[in-house]
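This report describes the surroundings of two ligands, one helix packing and one loop residue. Please read it alongside the sequence and the model.

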Amino acid sequence: MDHASHARKAQPHIESPRRCNGRRPPGRPPQSEDTSTPVDLTGALEKQAQRGNANDLPRPHSAANNTGGVEPRPPGRKPADSLFDIPPNLSRIRRLLFECNDPIEITQEEFDTYWPFIDNVWVKQRSNASKEGLCTSDYYMCRLRRPTHRPSETRPPLPEGKRPRKKRSREGGTCNFQIKVVRFEGAYSAVTISRTPGSDSTHTHDLDYSDRVKRNSGVMEFVRRESVKGYLPSSIYAKFQEEPEKLNEAGGRSLTVTDVRNVAAKWRIQNPEVQLVPHEGYEYQKGQGIIKSATANGINETSQLQPQPQLPSQMQPTLPAPSPQLPPDTLAFPQFSLEFLEPYLPTLPTHHSEKSEFPHVTLSYATSMDSKISLRAGMQTVLSGPEAKVMTHYLRSRHDAILIGVGTVLADNPGLNCRLEGAGGFGGLGRMWQPRPVVIDPTGRWPIHPDDRMLRTAVEGKGRAPWVVVSPGAPINSDRLMMLKGYGGDFLRIVEYNRDWRLRWEAILRALASEGIKSVMIEGGGTVLNELLNPEYTNFIDSIIVTVAPTYLGHGGVGVSPESKLDPQGNPNAALNPRDVKWTPLGQNVIMCGKIRLQDMRAGAPP
Ligand SMILES: NC(=O)C1=CN([C@@H]2O[C@H](COP(=O)(O)OP(=O)(O)OC[C@H]3O[C@@H](n4cnc5c(N)ncnc54)[C@H](O)[C@@H]3O)[C@@H](O)[C@H]2O)C=CC1
Ligand SMILES: Nc1nc(O)c(N)c(N[C@@H]2O[C@H](COP(=O)(O)O)[C@@H](O)[C@H]2O)n1
């Protein structure tokens with residue numbers, strides 16, 4: 001398998017449920033269920049309209065303005081222009097929101113963006129809200145739970161002259177799939193979607209069948225946008241068929257001209273004087289309806305036949321630019337192979353899903369030729385080239401948590417998220433598939449401010465808020481506690497020390513495992529790495545992945561070098577020899593991978 005396809009498969013955003021352990025993480029708001037609150041999706045539809053090209057799309061509409069006049073028709077739309085501005089990874093995310101295999105946690109914005117494209121599957125049953133209104137729970141059942149028609153004897157008699165409405169019976173019978181959507185609004189807004197306890201574990205039908213039964217409001221919004229420009233319904237329908245892949249992705253494969261007419265009719269009632277027209281390149285012919293005009297066919301064909309300039313293969317960039325709709329710090333998925341990392345990475349959760357006492361631990365850092373990881377303590381130093389940086393983010397995507405010492409937080413103010421295209425917040429869904437940052441800060445040195453990158457990243461839905469490991473005496477007042485919890489983070493107190501009054505790593509790793517963390521990537525800094533490379537802890541470390549940079553940082557740098565060892569005769573010995581070592585060049589860096597642990601300390605792990 002080539003790397004790109006493998007890596008995409010292993011991406012956290014859809015394929016792997018491993019970050020989703022079903023437990024309530026520390027800091028997650030409690031759920032409350034008292035009073036009713038209606039759902040409002042108009043904001044989502046406005047957002048969709050705003051995302052599009054301002055020249056092409058109608059102004060964001062609201063209930064107040066959608067009865068207004070005709071939106072301007074775009075003069076001479078170019079053939080490449082699309083009628084659909086669909087959000088990234090839509091078909092995969094629709095599938096995820098249809099299947100709801102595990103609880104899903106997403107931002108309010110992601111919910112607003114994606115829910116309109118799946119709302120056809122669900123019918124809301126009831127809503128509850130907390131007294132303060134910060135937490136609302138909406139209960140939905142699958143639309144196909146409703147019996148197709150009531151037994152005839154219970155139907156009320158029809159008025160004279162009225163024929164009974166024809167109802168088609170549905171294949172697959174009724175479906176007892178039910179979900180709960182819980183929204184929490186605060187500094188950290190989150191929406192969780194999960195199956196309700198009484199629900200079946202799967203639908204009795206597939207998503208395509210739901211799409212055939214009813215069209216979703218995302219697709220219908222695309223129809224509405226074209227309708228309000230005064231186009232003929234059959235022309236809108238024909239234009240949509242020019243982009244079948246996008247239409248399918250949005251769940252509109254079964255869209256009919258009647259669906260388009262129904263949407264257009266609502267607007268037409270308010271605008272009876274408007275002369276409806278076909279789109280450019282189409283014409284209305286009596287008896288034939290809407291057909292492509294001959295000239296338009298000519299233009300389209302010649303433009304499609306233009307050969308695209310091709311770069312010679314050796315000039316193809318190795319790091320392609322990510323999609324322009326994604327955040328500017330998105331890293332494009334690598335085109336080069338990262339297969340060499342596989343033996344050193346945690347196994348995917350399906351093979352390793354039993355609860356272990358300790359997580360898989362990978363040490364991963366970048367070093368100079370003289371084993372320095374930064375020029376000076378308190379200073380960030382870039383040692384990874386662009387390819388190695390992408391590799392580091394791939395490694396982040398393969399771990400449940402990323403751990404650093406407080407010295408690194410104070411020096412680097414890191415984001416500690418995975419910024420690869422496809423990760424949550426970077427074209428993928430939800431921060432729940434982002435790794436959890438963990439900071440070792442026994443004495444509470446990190447002031448924790450909303451401007452810190454880890455917190456901003458969490459607010460923007462591009463990562464998780466950190467867990468901060470503290471010792472019992474750390475000064476954590478209730479304001480700090482509430483602030484961190486408000487962002488979705490938490491403090492973990494560890495009470496086990498070694499003889500030097502350092503927190504014991506067994507205790508830290510055990511605490512992470514008990515919070516559902518199955519794998520942790522430890523990035524540094526110097527103090528953390530030097531401690532963990534000592535014999536006392538090497539049996540807790542599974543692998544080491546080191547990026548070596550072609551530079552000497554000199555004596556003043558932060559070094560990585562564990563305590564020296566003596567053999568039984570008192571002669572100096574190598575402090576540590578990793579096993580199964582592999583060196584792989586990557587851009588200007590070389591990556592050293594090795595295994596460390598000799599025995600498996602995890603409960604239930606094979607010897
Ligand atoms: N090149 C690379 O890959 C990386 C470089 N760095 C660099 O490393 C430097 C920071 O390194 P350091 O100053 O050594 O800080 P550090 O990040 O190792 O943090 C050290 C602090 O963590 C706490 N700590 C760690 N283990 C502990 C234990 N077992 N018990 C109690 N407390 C414990 C202590 O408060 C200690 O002062 C920065 O300049 C940063 O840029 C950091 C990470 C990766
Ligand atoms: N792999 C690697 N290469 C380097 O050159 C580095 N300086 C680091 N530093 C680590 O990455 C963190 C920064 O993360 P964000 O990009 O802000 O998410 C930094 O704190 C170190 O842990 N790593």
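## Ligand shells and helix packing

The shell around ligand 2 consists of six nonpolar, eight polar and two charged residues; here Ala, Val, Leu, Ile, Met, Phe, Trp, Tyr, Cys and Pro count as nonpolar, Asp, Glu, Lys and Arg as charged, and the others, Gly among them, as polar. The model is predicted: local features need pLDDT of at least 70, side-chain atom pairs count only at pLDDT 80 or more, and totals for chains, interfaces and linings use all residues. Residues are numbered from 1 along each chain as its sequence is written, while chains are lettered from A and ligands numbered from 1 in the order in which they are written.

A residue is near a molecule if its C-beta atom, placed from the backbone, lies within 6 Å of it. The two shells are set out below.

| Ligand | Residues around it | Nearest residues | Classes |
|---|---|---|---|
| Ligand 1 | 28 residues | Gly405, Gly407, Thr408, Gly524 and Gly525 | 14 nonpolar, ten polar, four charged |
| Ligand 2 | 16 residues | Ala366, Ser384, Asp412, Pro414 and Glu523 | six nonpolar, eight polar, two charged |

Helices (H or I, at least four residues) and strands (E, at least two) are DSSP runs, numbered from the N terminus. Two or more residues of the ligand 1 shell come from each of strands S8 (360–367), S9 (372–374), S10 (401–405) and S14, and from each of helices H12 and H16 (526–532). Helix H12 makes the largest contribution to that shell, with five residues. For ligand 2, helix H12 (406–412) and strand S14 (519–524) each supply at least two residues.

Helix H6 (residues 217–227) is mostly covered, with ten of its eleven residues buried, that is, with 20 or more other C-beta atoms within 10 Å of their own, the C-beta atoms being placed from the backbone. H6 packs with helix H9 (residues 257–270) at an angle of about 50°, the axes lying 9 Å apart. The two helices are therefore oblique to each other, a term for angles outside the ranges under 35, over 145 and 65 to 115 degrees. Met220, Val223, Arg224 and Ser227 of H6 meet Asp259, Val260, Val263, Ala264 and Trp267 of H9; contact requires C-beta atoms, placed from the backbone, within 7 Å. These contact residues comprise six nonpolar, one polar and two charged.

Arg145 lies in the loop between strand S3 (135–142) and strand S4 (178–184). Why is Arg145 classed as buried? Arg145 is buried because 20 other C-beta atoms lie within 10 Å. Beyond neighbours within four places in sequence, Arg145 is in contact with Thr174, Cys175 and Asn176.

Notes:
A residue is buried if 20 or more other C-beta atoms lie within 10 Å of its own, exposed if 12 or fewer, and partly exposed in between; C-beta atoms are placed from the backbone. Two residues are in contact if their C-beta atoms, placed from the backbone, lie within 7 Å. Axes are lines fitted to C-alpha atoms, for helices over the stretch in contact, and angles run from 0 to 180 degrees between N-to-C directions.
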